[in-house]
Amino acid sequence: MTATTHPPTVFVTAPRLAPAGLQRLQAAHCRVLYLQDGGGETEVAAVLARESVDAVISRTATLSAAAIAACPTLKVISKHGVGVSNIDVAAASQRGIPVYVTPGANAQSVAEMTLGLMFAAARRIAWMDAELRAGRWSRAQDGLELSGRTLGLLGFGQVGQRVARVALALGMEVVAFDPACAPGPGTVAGVRMLGSVDELLPLSDVLSLHVPLNARTRHLLDAGRIAQLPRGALLINTARGEVVDEAALIDALRSGHLAAAGLDTMAEEPLPAGHALAALDNVVLTPHVGGSTPAALAAMAGMAAANVLGWLQGSPADPSHCVNPEVLR
């Protein structure tokens, strides 16, 4: 690592960056480039091939191996968030390029979205709202009261821990599985850590997903595992859509094995017109905005800017924020 001596060029793979991040970059005299609204993987690669980019702040567009290879000046990448499934981390590592994330910056916003989807799915709020707007006084009285039910958390990082505290206050039992946590009492008083996914699922009246997308978690919740959930369970997903086998999820929702689902993320985004999930009245859908409140966007932008500037200026961020720390050595 060597400090950059010229004003660096930073490419944000989105049409804008919150002022908390932009002001940091401007104070360092950075030239800031943006991905045009609607641009995707091809445009990202084109910008990197055309411009002498020193750093990328990555939003949701794919940052491929070809795009990384096309930019010989690229020195550092920071995800605007924590999920790096859209970044070819292996390709960055081969070039010695660190890939940073912004842990905790959007955890509260994602936790609150998780709880909102859980309440909406349990009480059919979106369906009743649609009925009223259509002129029908459909007083659904079959909602699930959450107190006394068991919430299963698949993943117990900062988001899962925040959700657990609220669920406990509601009177729910809370169990969790995270491969990084040993079975027994959890870091949140009242939460019991379990030893496997298969131990977690049969206990989970409500299952909430809080795991990253990687080779181990893709389709982790397949038809067999969905069948392990109690009949009438709820599924909440604010993690990544590909963690769930979507065809199996749709079958379980149609059959009634799952009573409802609340999904902030789907396998294909944007959700295609006419998709089967949108036709189900026991599904609450939001367009992957769990971590996109102004407060969360400001925190992620500020930390992402600090990550890239720290590397370029010779004062790198905390190594725990780097997903390929081997390049730091």
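Ala, Val, Leu, Ile, Met, Phe, Trp, Tyr, Cys and Pro count as nonpolar here, Asp, Glu, Lys and Arg as charged, and the others, Gly among them, as polar. The legends below use these classes for a predicted model.

**Figure 1. The whole protein, with its 11 helices and 13 strands.**
The radius of gyration is 21 Å, close to the 20 Å that the globule rule gives for 329 residues, so the protein is as compact as a globular protein of that length. Along the principal axes, the C-alpha trace spans about 65 × 50 × 30 Å. Of the 329 residues, 48% count as buried. About 14,900 Å² of the protein is exposed, and carbon and sulfur atoms supply 53% of that area. Among contacts between residues at least 6 apart in sequence, 59% join residues at least 24 apart.

**Figure 2. The largest cavity and the residues that line it.**
The structure holds one cavity of 30 Å³ or more. The volume of the largest cavity is about 40 Å³. Its lining is made of N237, G241, V244, E246, L249, L263 and T265. By class, these lining residues divide into three nonpolar, three polar and one charged. The charged residue is E246, because Glu belongs to the charged class.

**Figure 3. The second largest pocket and its lining.**
This pocket contains about 300 Å³ of space. Its lining has 18 residues, and A121, R124, A259, A260 and N282 lie nearest the centre of the pocket. Four elements give two or more residues to the lining: helix 5 (107-123), helix 6 (125-133), strand 12 (258-263) and strand 13 (283-285). Sorted by class, the lining has 12 nonpolar, three polar and three charged residues.

**Figure 4. L253 in helix 10.**
Helix 10 covers residues 246-255. L253 has a relative accessible area of 3%, and it counts as buried because this value is under 20%. Leaving aside residues up to four places away in sequence, L253 touches L258, A260, A261, L277, L280, N282 and V283. Two of these contacts, A260 and N282, are also among the residues nearest the centre of the second largest pocket. The C-alpha atoms of L253 and D281 are separated by 9.6 Å, and the two residues are 28 residues apart along the chain.

**Figure 5. L220 in a loop.**
The loop that holds L220 runs between strand 10 (206-209) and helix 9 (223-228). Is L220 buried or exposed? Its relative accessible area is 13%, which is under 20%, so L220 is buried. Apart from residues up to four places away in sequence, L220 touches L154, R225 and V243. L220 and A66 are 154 residues apart in sequence, and their C-alpha atoms are 28 Å apart in space.

**Figure 6. T293 in the loop before helix 11.**
T293 lies between strand 13 and helix 11 (294-312). Strand 13 is also one of the elements that give two or more residues to the lining of the second largest pocket. The relative accessibility of T293 is 31%, so this residue counts as partly exposed, the class between under 20% and over 50%. From C-alpha to C-alpha, T293 and Q36 are 21 Å apart in space, and they are 257 residues apart in sequence.

Terms used:
Residues are numbered from 1 along each chain as its sequence is written. This is a predicted model: local features need pLDDT of at least 70, side-chain atom pairs count only at pLDDT 80 or more; totals for chains, interfaces and linings use all residues. Side-chain values use heavy atoms; hydrogens and water are left out. On a 1 Å grid over the protein atoms alone, a cavity is a set of points where a 1.4 Å probe fits but cannot get out, and a pocket is an open set with protein on both sides within 12 Å along at least five of seven lines; lining residues have an atom within 4 Å of a point. Grid points are joined across faces, edges and corners, and a volume is the space filled by probe spheres set on the points. The radius of gyration is taken over C-alpha atoms; the globule rule is 2.2 Å times the number of residues to the power 0.38. Buried means under 20% relative accessible area, exposed over 50%, partly exposed in between (1.4 Å probe, protein chains only). Contact means heavy atoms within 4.5 Å. Accessible areas come from the Shrake-Rupley method with a 1.4 Å probe; for residues, only the protein chains shown count as cover.
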